[in-house]
Amino acid sequence: MHLYGKAPMKSVRFILCMVFILSTSGTTFGHEEGAPFSGAISEPIKVHHAHIEDEQSLNFSFSDNFQKEEDSNKRFAFESSLELATTWNDDFNLGSEVLIPFSNKGNGDDRYALGDIEIWPIKYAFLNQPETILTGAMSISLPTGDKTYGFGEEQTKLGALLFFDQAWRNWFFGANAEFESVVSGPTETEVELAFAVSYSLIKGTDQGVAPSKPNQPIVPVLSLELISENIVSGLEKENDSLTVLPGIQLWSPVSGWQAALGAELPLSAYRNSDYQIHFKLRNHLDWGHWLK
């Protein structure tokens, strides 16, 4: 399955289609209705939160001077993805997730195509309190991208992930750890660590847990993320990376919409772009609403 054509036009159609779907999906909130989590548990741009809910996210990134390993030309690059997550029970401790990427990060032309889809068939929260959450997950990355044009690596990967959320009044700390290894295709093993800290401008949190749905028209959130990717073995073993990602989020508790903008800057010697600009648009559609 491939989508070809001019990247800007394809991306505009994709954005408009998904915004329309999310905007006509019934009542939603910053956290899913009934979820017991602190409103200060933010949803960073790249660090994944530990809480499990029904949610949908449109992710966009723009890279300056992007360069693939096999292509010496540097260029502007665009990537988008659709992230869909669901919870399987009313305790919000069991769920699944899928990430579907599209990009023009192929071999230097204007194609816009499907990349390698990643599925998290099982997410389970071992600790599931309003301000403290610890979740484990398994991941499967499928070779759905076309390697001929540089949109995939013809690899099937298995991974284990651990997510941690900790909120305190307006503050949030998040941590991710991932171990991923190739089981089919060119051999590679990767370890990723990521951390985030954020401050949500929610009123009235001096005496306890921040409300899941603050009584405010807009809640600004300031965040800072640190992402480390380490290639333990494989052809790209020397291509370890370290980046920092400051960002700002605007959350409308009444409508449930959340928009986040951030700039990711490389700190390591290895880099495949000078910087990346990220934009995310998120909501918490109640999947059960569609099934009634």
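This report looks at a group of aromatic rings and at a run of paired strands in a predicted model.

**Aromatic rings**

Let's begin with the rings. With ring centres required to lie within 6.5 Å, the model holds 8 aromatic pairs. A good one to find on screen is Phe60 with Phe78: the ring centres are 6.4 Å apart and the planes meet at 20 degrees, so this pair counts as stacked. Phe60 belongs to strand E1 (residues 55-66) and Phe78 to strand E2 (residues 75-87), so the contact ties together parts that are 18 residues apart in sequence. Are these two residues buried or exposed? Both Phe60 and Phe78 are buried. They also belong to one aromatic cluster, whose members are Phe60, Phe62, Phe78 and Phe279.

**Strand E6 and its partners**

Now turn to strand E6, which spans residues 132-141. This strand is mostly covered, with 7 of its 10 residues buried. E6 pairs with strand E5 (residues 118-128) and with strand E7 (residues 156-168), as the table shows.

| Strand pair | Direction | Bridges | Facing residues |
|---|---|---|---|
| E5 and E6 | antiparallel | 8 bridges | Lys123 and Ala137 |
| E6 and E7 | antiparallel | 10 bridges | Ile133 and Asp165 |

How many residues lie between E5 and E6 in their hairpin? The hairpin has 3 residues between the two strands. To follow the pairing by eye, take Lys123, which stands opposite Ala137 of E6, and then Ile133, which stands opposite Asp165 of E7. As a general point for viewing, side chains in a regular strand alternate between the two faces of the sheet.

Notes. Residues numbered from 1 in each chain as written. Predicted model: local features only at pLDDT ≥ 70, side-chain atom pairs only at ≥ 80, totals over all residues. Heavy atoms only, no water. Phe/Tyr/Trp six-rings, centres within 6.5 Å; stacked < 30°, edge-to-face > 60°. Helix = DSSP H or I, 4+ residues; strand = E, 2+ residues; numbered from the N terminus. Buried < 20%, exposed > 50% of the residue type's maximum accessible area, 1.4 Å probe, protein only. Pairing = 2+ DSSP bridges.
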